[in-house]
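Welcome! Below are some short exercises, each with a worked solution to follow at your own pace. Have the sequence and the 3D view at hand as you read.

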Amino acid sequence: MSDSESDINLADLRSKYVLKTVPFDARFPNQNQTRHCFQNYTDYHKCIKAKGEDFAPCQQFLQAYHALCPNAWTEKWDAQRLAGTFPASLEP
C-alpha cells in the first residue's frame, strides 16, 4: 500500500469516527470520575422519563455515562432498575 492510499484510508476513517470525551464539569474536579459517571447515568434516566428518549439534550447524558462508566456497572444498574432495587430515585 502506498503512502497516498494510506492517507486516503486514514481520511475515510477520520470522517466516519469522531473520538470525543466528556467535557470538564466543575462539580467533579478530581481525577476519580465515579460520581460523575453515576450522576450522568441517573440524569439520563431522569431525562428520558421526563422528556422521552427522542429528546436531544438527553443524549448528552447518555454519551457521558457511556464514556465514563465501565460496562459492568451500567449492566448492574440496569438490572437493579428493572428489579426496582436501584439505590437512587429516578423520578424527574
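A charge sits over a ring if NZ of Lys or CZ of Arg is within 6 Å of the ring centre and within 35 degrees of the ring normal. Keep in mind throughout that this is a predicted model.

**Exercise 1. A charge and a ring**

Find the ring that has Lys51 over its face.

Solution. Start at Lys51 and look for the ring whose face it covers: that ring belongs to Phe55. The distance from the ring centre is 5.5 Å, and the cut-off is 6 Å.

**Exercise 2. The two sides of a helix**

Work out which residues of helix H3 are buried and where they sit around the axis.

Solution. Step one: locate H3, which spans residues 58–68. Step two: pick out its buried residues, namely Cys58, Leu62, Ala64 and Tyr65. Step three: look along the axis; these residues lie on the same side of H3, because they cover an arc of only 165 degrees. Step four: turn to the other side, where Gln60 and Gln63 are exposed. Step five: ask what covers the buried residues; the cover includes helix H2 (34–51) and helix H4 (71–83).

**Exercise 3. Following the aromatic rings**

Count the aromatic pairs in the structure, then follow two of them.

Solution. Step one: the count comes to seven aromatic pairs. Step two: take Tyr41 and Trp77, a tilted pair with 5.0 Å centre to centre and 55 degrees between the planes. Step three: place them along the chain. Tyr41 belongs to helix H2 and Trp77 to helix H4, so this pair ties together parts that are 36 residues apart in sequence. Step four: check their exposure, recalling that buried means under 20% relative accessible area. Tyr41 counts as buried because its relative accessibility is 0%, and Trp77, with a relative accessible area of 11%, is buried as well.

Step five: move on from Trp77 to Trp73. These two also form a tilted aromatic pair, 6.0 Å centre to centre with 45 degrees between the planes. They are four residues apart in helix H4, so about one helical turn separates them. Trp73 is partly exposed, as its relative accessible area is 34%. Step six: step back to see the cluster, in which ring pairs link Phe38, Tyr41, Tyr44, Tyr65, Trp73, Trp77 and Phe86.

**Exercise 4. Describing the largest pocket**

Which helix gives the largest share of the lining of the largest pocket?

Solution. Step one: note the volume of the largest pocket, about 300 Å³. Step two: its lining is made of 13 residues, and Thr21, Val22, Pro23, Gln60 and Ala64 lie nearest its centre. Step three: H2 and H3 each supply at least two lining residues. Step four: the largest share, five residues, comes from H3.

Now look at two of the residues nearest the centre. Thr21 lies in the loop between helix H1 (3–16) and H2, and Pro23 is found in that loop too. Thr21 is exposed, with a relative accessible area of 67%; Pro23 counts as exposed at 57%. Each can be paired with a residue far along the chain. From Thr21 to Leu68 there are 47 residues in sequence, while their C-alpha atoms are separated by 8.6 Å. Pro23 and Ala64 are 41 residues apart in sequence, and 8.7 Å apart from C-alpha to C-alpha.

**Exercise 5. The segment after H4**

Leaving aside neighbours within four places in sequence, which residues is Ala88 in contact with?

Solution. Step one: find Ala88 in the segment after H4. Step two: classify its exposure; at 26% relative accessibility, Ala88 counts as partly exposed. Step three: with those sequence neighbours set aside, Ala88 is in contact with Phe38 and Thr42. Step four: compare chain and space for one of these contacts. Ala88 and Thr42 are 46 residues apart along the chain, and 7.7 Å separates their C-alpha atoms.

Conventions: Residues are numbered from 1 along each chain as its sequence is written. This is a predicted model: local features need pLDDT of at least 70, side-chain atom pairs count only at pLDDT 80 or more; totals for chains, interfaces and linings use all residues. Side-chain values use heavy atoms; hydrogens and water are left out. Buried means under 20% relative accessible area, exposed over 50%, partly exposed in between (1.4 Å probe, protein chains only). The arc is that of the directions from the helix axis to the C-beta atoms. Contact means heavy atoms within 4.5 Å. Rings of Phe, Tyr and Trp (its six-membered ring) pair if their centres lie within 6.5 Å; planes under 30 degrees apart count as stacked, over 60 as edge-to-face and the rest as tilted. On a 1 Å grid over the protein atoms alone, a cavity is a set of points where a 1.4 Å probe fits but cannot get out, and a pocket is an open set with protein on both sides within 12 Å along at least five of seven lines; lining residues have an atom within 4 Å of a point. Grid points are joined across faces, edges and corners, and a volume is the space filled by probe spheres set on the points.
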